[in-house]
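Grab a coffee and open the viewer. Here are some short exercises, each with a solution worked through in steps.

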Amino acid sequence: MAFAQISTKKDEMKYKQRLELLDAHCHADMLSDEELDTAMARGVTALVVNGVDTASNMSVLGLNNRTGIFPALGIHPENAAKINKEEIEYNINLIKANSKSVKAIGEIGLDYAFAKDENEKNKQKELFKRFVELAIELDKPVSVHSREAIDDVLDILENTGIKKAHIHFFEGNAKQAKRVESLGFMVSIPPMHSAKRMDAITALPIANIMAETDSPTAGMHIYDIDKSVMLIAKAKGMDFESCAVAIADNTKRFFNISVHNLIRRI
Ligand SMILES: [Zn+2]
């Protein structure tokens, strides 16, 4: 429903009660309970929390009993060079054993700024493929990290045939954004402005966009999620409310989550 269509005070109240702010990618296991409470009090209704290694995957699972927290488990590409086969299998089994509560496989992906050489890039690619295959096997979406590697990331995702992929902290240009759209994938946008990212958002339909903070990794707070929504709204020429509603719908559909504790922003 667009804001302009609201005709009565009653409709407006009902509409505002629907407004939700969902963070499609963060690391809330690294935050205190107080920070999480502040975020929820400031209007954030749901978080998809990503593990990056064995210890954080365990912590993320431990957060699962909090309302509005949805776990994603994976191994970050920065850990590809040092993780051994046994530990990879341990994490795969952990994900399988918790597949009911795990909403996505992530954080996984490629980070060529971190890889020292071709050998490390290849290790990242191998690990990434292994977890994308796991996601296909478990019928889960993937939450993908890409730094200086977007073309290879999209090639791997396309070749595996996965249908539900989400490129977080999208770094691509408008042309790469169009490729994301043609593959039927999603991006999520952090609360950090760049001209390149604004061009990419402009090139994408709103149906392919979610909002995130990556908190605390990029120095952002979870409650900064409204800044991500504002950036998206600006690039798409939408008002904040209708943009927030569209993004919330996209996020719930992509991760197959339902959010019950709707926040009233009145
Ligand atoms: Zn992350």
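The exercises below go from the whole chain to two helices and then to a pair of single residues. Keep in mind that this is a predicted model.

**Exercise 1. Work out how compact the protein chain is for its 266 residues.**

Solution. Start with the inventory: the protein chain has 10 helices and 8 strands. Its radius of gyration is 18 Å, close to the 18 Å that the globule rule gives for 266 residues, so the chain is as compact as a globular protein of that length. For the outline, the C-alpha atoms fill a box of roughly 60 × 40 × 30 Å along the principal axes. Next, check the inside: buried residues make up 45% of the 266. Finally, look at the contacts with a separation of 6 or more: 66% of them link residues 24 or more positions apart.

**Exercise 2. Find which residues of H9 are buried, and what covers them.**

Solution. First, locate the helix. H9 spans residues 225-236, and its 12 residues reach 17 Å from first C-alpha to last, close to the expected 16 Å. Now pick out the buried positions: Ile225, Ser228, Val229, Leu231, Ile232, Ala233 and Ala235. Then look at the cover, which includes strands S1 (21-26), S2 (44-50), S7 (186-189) and S8 (209-211), along with helices H8 (195-203) and H10 (240-255). Step past the end of H9 and you meet Gly237, with a positive phi near 65 degrees.

**Exercise 3. Decide how H9 and H10 are oriented to each other.**

Solution. Size up the partner first: H10 has 16 residues and reaches 22 Å from its first C-alpha to its last, close to the 22 Å expected. Now take the geometry. The two helices, H9 and H10, pack at an angle of about 110 degrees, with axes 9 Å apart. Angles of 65 to 115 degrees count as roughly perpendicular. H9 and H10 are therefore roughly perpendicular to each other. To see who touches whom, find Val229, Met230, Ile232, Ala233 and Lys236 on the H9 side, which meet Phe240, Cys243, Ala244 and Ile247 on the H10 side.

**Exercise 4. Identify the residues with the most contacts inside the largest nonpolar core, and the element that gives the most to this core.**

Solution. The largest nonpolar core has 72 residues, and those with the most contacts inside it are Leu47, Ile105, Ile232 and Ile247. H10 gives the most to this core, with 7 residues. Buried residues in H10 include Cys243, Ala244, Ala246, Ile247, Phe254 and Phe255. Asn250 and Thr251 in H10 are buried too. Just after H10, Asn256 has a positive phi of about 55 degrees. Now zoom in on Leu47: leaving aside neighbours within four places in sequence, Leu47 contacts Asp23, Cys26, Ala28, Gly68, Ile69, Phe70 and Ile222.

**Exercise 5. Are Lys82 and Glu137 buried or exposed?**

Solution. Place them first: Lys82 is in the loop between strand S3 (69-73) and helix H4 (85-97), while Glu137 is in helix H5 (residues 118-138). The cut-off for exposed is 12 or fewer other C-beta atoms within 10 Å. Lys82 has 10 C-beta neighbours inside 10 Å, so Lys82 counts as exposed. Glu137 has 12 other C-beta atoms within 10 Å, so Glu137 is exposed as well. For a sense of distance, Lys82 and Val132 are 50 residues apart in sequence and 19 Å apart in space, C-alpha to C-alpha. Glu137 and Glu181 are 44 residues apart along the chain, with 23 Å between their C-alpha atoms.

Terms used: Residues are numbered from 1 along each chain as its sequence is written. This is a predicted model: local features need pLDDT of at least 70, side-chain atom pairs count only at pLDDT 80 or more; totals for chains, interfaces and linings use all residues. Helices (H or I, at least four residues) and strands (E, at least two) are DSSP runs, numbered from the N terminus. The radius of gyration is taken over C-alpha atoms; the globule rule is 2.2 Å times the number of residues to the power 0.38. A residue is buried if 20 or more other C-beta atoms lie within 10 Å of its own, exposed if 12 or fewer, and partly exposed in between; C-beta atoms are placed from the backbone. Two residues are in contact if their C-beta atoms, placed from the backbone, lie within 7 Å. The expected span of a helix is 1.5 Å times one less than its number of residues. A nonpolar core is a set of buried Ala, Val, Leu, Ile, Met, Phe, Trp, Tyr and Cys residues joined through C-beta atoms within 7 Å. Axes are lines fitted to C-alpha atoms, for helices over the stretch in contact, and angles run from 0 to 180 degrees between N-to-C directions. Angles under 35 degrees count as roughly parallel, over 145 as roughly antiparallel, 65 to 115 as roughly perpendicular and the rest as oblique.
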